[in-house]
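Here are some exercises to work through with the coordinates open beside you. Try each task yourself before reading its solution.

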Amino acid sequence: MPKQKTIAATGNVLVAEAMRQCAPDMMAAYPITPQTTIVEEFAKFVANGRVHTEYVTVESEHSAMSACIGASAAGARVMTATSSQGLAYMWEELHIASGMRLPIVMANANRALSAPINIHCDHSDIMGARDTGWVILFAETAQEAYDNTIMSVRIAEHPDVLLPVMTTLDGFITTHSIDRAEVMDDETVSAFVGQYVPENALLDPERNVTHGAFAGLGGPYFEFKHSQRLAIERSRDVVKSVGAEWSEISGRPFGMVETFGMEDAEVAIVVIGSTAGNARHVARGLRAQGMKVGVVKVRCFRPFPYAELVQALSGVKAVAVLDRAESFGAEGGPLYLEVRSALYDLATRIPAVDYIYGLGGSDVKTELIERVFNDLADIAAGTAEPAGLVYLGAR
Amino acid sequence: MSWDVSKIGEWKNDEFPRGAVIPDSGNSRDYVTGGWRSERPCRDDAKCTQCLFCWIYCPDSAVNVADEKVTTFNLDHCKGCGVCANICPVDAITMVPEGCELPEVK
């Protein structure tokens, strides 16, 4: 029987705990705020003999991901963690990891990108990595960060997928705040993730294989990219089934899209990460006053759950998308572009507004979210036009 | 195992080994790379002292040797870099433009 205990811990401590329970063979990491305490905690587990992981200290994130790729190709279960400039510095390796179909699991503490320099939460770093071929999960809470990390291992290593997975949590808000969470016993997690059996281990003396070969002019590069697309499409079902299996064990729900009040909502906010909690809090208050508002939280961003999103939003009269990242020069932020594209398939056009908010950790006050719901109510009532793109709370 | 790539030009996405892995060793000789060449080495047997410098220096192992003597060049893999001609101590190797011996080019 699975045994869980309730503890008070930061998101980072819980991610490190989940990683220890998944027992990676190798971790290569470089510290960066606000991720550092993940690898610090993990290094402590290694030093105290609580996990038998080859912990490789490297001189940069570029090297960290390179070492992870090497170890994963060698046949190891590999994990790492990074944030912001570190993730940006890994950019070329992110594509290599997914192209080589290596099931690396990486935690990312979502943080702003320079300049100006800023260490606080937004999604600029992770959204910059959205087209790198990784599966990307977002956590709202420390609990979700813990659960997502454990699920990530199963998703990445699933034979239908074999792609790297990023399990992300919001910098400081989730990484450093102490939160209540339930932690599963080691045996249950260990049985859930199982043993990794690599398909083409470089360190198999019985079988010589080459990783990272050339597929150039006239070669099958195009076919390899097609198979990557097919793999991430197959990952939709794997994300759902692994999530359902973990839900069964843990008693905590998982959905690629999670909703609040959507059974009768006339207007809705679509949001990712920690702000979903604020949005639900505001929605709960407004619903108590009789406003039919709802919240749609996207927990899995890659593959993007467009079918689930359309299903959740199909009845509403207006939608607001909260984007904690820019896509300068585009029609809106990264989430808005996905949501609007998903809504295109509906027979009825739903007005949508993009709100860029919380960049560089700028405060997401409840009044701001209330304002978004009020804007939506005006659009739904036909008394206002969708504003296009709004910098929420800008001076 | 022996990896049969004879139909590689017809393979579709998931027929390729995942992640562009080559699941066997010793098959680079099946991959013909000589098509890049714009010049080919031409050895004068009368000048050649069989010092084997060209065989040692060739970056593509494209100098064929039998009984410790240079015989021919492996033009499936020679890229025409000219290292052999450059290193030859007796100028027995000259680089000639690819295709020049064809009658229509002459």
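Two residues are in contact if their C-beta atoms, placed from the backbone, lie within 7 Å. The model is a predicted one, in which local features need pLDDT of at least 70, side-chain atom pairs count only at pLDDT 80 or more, and totals for chains, interfaces and linings use all residues. Residues are numbered from 1 along each chain as its sequence is written, while chains are lettered from A and ligands numbered from 1 in the order in which they are written.

**Exercise 1. The two chains**

Task: find how many residues chain B and chain A each bring to their contact, and sort the chain B side by class.

Solution. Step one: chain A contributes 18 residues to the contact and chain B contributes 13. Step two: on the side of chain B that touches chain A, there are six nonpolar, three polar and four charged residues. For the classes, Ala, Val, Leu, Ile, Met, Phe, Trp, Tyr, Cys and Pro count as nonpolar, Asp, Glu, Lys and Arg as charged, and the others, Gly among them, as polar.

**Exercise 2. Two helix pairs**

Task: describe how α7(A) is placed against α8(A), then do likewise for α10(A) and α13(A).

Solution. Begin with the terms. Helices (H or I, at least four residues) and strands (E, at least two) are DSSP runs, numbered from the N terminus. Axes are lines fitted to C-alpha atoms, for helices over the stretch in contact, and angles run from 0 to 180 degrees between N-to-C directions. Angles under 35 degrees count as roughly parallel, over 145 as roughly antiparallel, 65 to 115 as roughly perpendicular and the rest as oblique.

- First pair: helix α7 (residues 142–157) and helix α8 (residues 186–193) of chain A have axes that come within 9 Å and cross at roughly 25°. α7(A) and α8(A) are therefore roughly parallel to each other. From α7(A), A:Ile150, A:Val153 and A:Arg154 meet A:Val189, A:Phe192 and A:Val193 of α8(A). That contact has five nonpolar, no polar and one charged residues.
- Second pair: helix α10 (residues 275–288) and helix α13 (residues 366–381) of chain A pack at about 60°, their axes 9 Å apart. α10(A) and α13(A) are therefore oblique to each other. The α10(A) residues A:Asn278, A:Ala279, A:His281, A:Val282 and A:Leu286 meet A:Thr366, A:Ile369, A:Glu370 and A:Phe373 in α13(A). By class, this contact has five nonpolar, three polar and one charged residues.

**Exercise 3. Helices α1 and α3 of chain A**

Task: set the span of each helix beside its expected value, and say which residues are buried.

Solution. The expected span of a helix is 1.5 Å times one less than its number of residues. A residue is buried if 20 or more other C-beta atoms lie within 10 Å of its own, exposed if 12 or fewer, and partly exposed in between; C-beta atoms are placed from the backbone.

- Helix α1 (residues 11–22) has twelve residues and reaches 17 Å from its first C-alpha to its last, close to the 16 Å expected. It is mostly covered, with twelve of its twelve residues buried, among them A:Gly11, A:Glu17 and A:Arg20.
- Helix α3 (residues 61–74) has 14 residues and reaches 20 Å, close to the 20 Å expected. Its buried residues include A:Glu61, A:Met65, A:Ile69 and A:Ala73. The buried residues of α3(A) pack against β2, β3 (54–57), β4 (78–83), α4 (84–89) and α5 (91–99) of chain A. Just after α3(A), A:Gly75 takes a positive phi of about 120°.

**Exercise 4. Backbone exceptions**

Task: locate A:Ala23 and B:Glu68, and decide whether each is buried or exposed. Then find where A:Pro116 and A:Pro303 sit.

Solution. Most residues other than glycine have a negative phi, and most peptide bonds are trans.

- A:Ala23 has a positive phi near 50° and sits in the loop between α1 and β2 (26–29) of chain A. A:Ala23 is buried, with 20 other C-beta atoms within 10 Å.
- B:Glu68 has a positive phi of about 65°, in the loop between β2 (63–66) and β3 (69–73) of chain B. B:Glu68 is exposed, with 8 other C-beta atoms within 10 Å.
- A cis peptide bond joins A:Ala115 to A:Pro116, with omega about -5°; A:Pro116 is in the loop between β5 (105–110) and α6 (124–128) of chain A.
- Another cis bond joins A:Arg302 to A:Pro303, with omega about 0°; A:Pro303 is in the loop between β12 (300–302) and α11 (306–313) of chain A.
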